[in-house]
Amino acid sequence: MRTVTKAALAAATLLFAGAADVSAQRVQVVPRAGVFVSGSSLGEVRDGTEAIKADLEGGLGVGLAIELGMPASPFGLRAGFDYATDSKISTSGINEGGAEAGAKLLAVAGDLVIRPLPRLLLVQPYLLAGAGLKRYDFEVSELGSGARDIFSESQTDFALHAGAGVDISLGAIALRAEVSDYVSWFQLASDSEKEMQHDVFATVGLRISLF
């Protein structure tokens, strides 16, 4: 009987501890807005003796993330996306004057959130490290005939994701400033080499604790 009682108490203790761990976790939503900047060229293709180069211009960037963290731990998990809404592709070497067209970029990633330093008064720095997918969409119909032969309407690639930011605590809500980089490899045309892409989002937003 004593053995059964001890086993029951041990099981209850484990269940209670598990419940405490779950209750200690925090679910937070983080809406953000800011700017998107492409840190590298999309690539270059040779058309006979002419070189055609394509670049992705910057624009407005928005994002949303959901985070799961534990107050007693410096680590957390995060899933989210960043979206460049009004970017453009510009090409040079086509019809001498080049061409320009609308472009959009959607990046999604799962990240480990690392808080390497303790909270300094109301300020909490953090790091991000993870991976996901990045999708480019191009309005190729707006380009000249030479560029339309090079670009596909969309391309999806694997991407690494890294970033850093800081939270300024205001109770259940915190102001957040963040810079992150999605690193992928983009192939402009089937006969061109893949180019490493650095697509950077610099945003500010709110971290809102749900429960």
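This is a short walk through one protein chain, from its overall plan to its core, its surface and its charged pairs. The model is predicted.

Start with the overall plan. The chain has two helices and ten strands. Read from the N terminus, the elements run α-β-β-β-β-β-β-β-α-β-β-β. A helix therefore opens the series, and another helix sits between two runs of strands. The chain holds 211 residues, and buried residues make up 37% of them. Its accessible surface comes to about 11,300 Å². Of that surface, 66% belongs to carbon and sulfur atoms.

Now ask how the chain meets itself. Take the contacts with a separation of 6 or more. Residues 24 or more positions apart account for 64% of them. V45 offers an example of parts far apart in sequence. V45 lies in strand 2, which covers residues 43–47. L188 is 143 residues away from V45 along the chain, but their C-alpha atoms are separated by 7.5 Å. V45 counts as buried, because its relative accessibility is 8% and the cut-off for buried is under 20%.

Next, go inside. The largest nonpolar core has 20 residues. Which residues touch the most other members? They are L42, L56, I89, Y136, F138 and F151. Five elements give two or more residues to this core: strand 3 (50–56), strand 5 (75–92), strand 6 (99–114), strand 7 (123–138) and strand 9 (173–187). Strand 6 gives the most, with five residues.

Look at L42 in particular. Set aside its neighbours within four places in sequence, and L42 is still in contact with A54, D55, L56, I89, Y136, F138, F151, F186, L188, E195 and Q197. L56, I89, Y136, F138 and F151 are among these partners.

S38 also touches L56. S38 is found in strand 1, residues 26–38. Beyond its neighbours within four places in sequence, S38 is in contact with L56, H198 and D199. The side chains of S38 and D199 are joined by a polar contact of 3.4 Å. S38 is buried, with a relative accessible area of 15%.

Now turn to the outside. Nonpolar side chains appear here too. L64, F81, L106, V108, L133, F158, L160, W185 and M196 form a nonpolar patch on the surface. Together they have about 750 Å² of accessible area. Strand 6 and strand 8 (154–170) each supply at least two residues of the patch. So strand 6 serves the core as well as the patch. One member of the patch is L64, found in strand 4, residues 59–69. L64 counts as partly exposed, at 33% relative accessibility.

L121 is another residue to find. Its place is in the loop between strand 6 and strand 7. Is L121 buried or exposed? At 81% relative accessibility, L121 counts as exposed. Its phi is near 55°, a positive value in a residue other than glycine.

Last come the charged pairs. Side chains of opposite charge can pair when their charged atoms come close. The structure holds ten salt bridges. Three of them are worth tracing.

The pair R115 and E67 forms one salt bridge, with the closest N and O atoms 3.6 Å apart. R115 lies in the loop between strand 6 and strand 7, and E67 lies in strand 4, so the pair ties together parts that are 48 residues apart in sequence. R115 is buried, at 14% relative accessible area. E67 is buried too, at 3%.

R78 and E178 meet in a second salt bridge, at 2.9 Å from N to O. R78 belongs to strand 5 and E178 to strand 9, so this pair ties together parts 100 residues apart in sequence. R78 counts as buried at 5% relative accessibility, and E178 counts as buried at 3%.

The third salt bridge joins R207 and D167, whose closest N and O atoms are 2.9 Å apart. R207 is in strand 10 (residues 194–209) and D167 is in strand 8, so the pair ties together parts 40 residues apart in sequence. R207 is buried, with a relative accessible area of 3%. D167 counts as buried at 0%.

These pairs belong to a wider set. R32, E67, R78, D82, R115, D167, R176, E178 and R207 are linked in a network of salt bridges.

Technical notes: Residues are numbered from 1 along each chain as its sequence is written. This is a predicted model: local features need pLDDT of at least 70, side-chain atom pairs count only at pLDDT 80 or more; totals for chains, interfaces and linings use all residues. Side-chain values use heavy atoms; hydrogens and water are left out. Helices (H or I, at least four residues) and strands (E, at least two) are DSSP runs, numbered from the N terminus. Buried means under 20% relative accessible area, exposed over 50%, partly exposed in between (1.4 Å probe, protein chains only). A polar contact is a pair of N or O atoms within 3.5 Å; within protein, one must be able to donate a hydrogen and the other to accept it, and residues adjacent in sequence count only if both atoms are side-chain atoms. Contact means heavy atoms within 4.5 Å. A nonpolar core is a set of buried Ala, Val, Leu, Ile, Met, Phe, Trp, Tyr and Cys residues joined through side-chain atoms within 4.5 Å. Patches are made of residues with over 30% relative accessible area and no salt bridge: like charges are joined within 9 Å, nonpolar side chains (Val, Leu, Ile, Met, Phe, Trp, Tyr) within 5 Å. Accessible areas come from the Shrake-Rupley method with a 1.4 Å probe; for residues, only the protein chains shown count as cover. A salt bridge is a side-chain nitrogen of Lys or Arg within 4 Å of a carboxyl oxygen of Asp or Glu.
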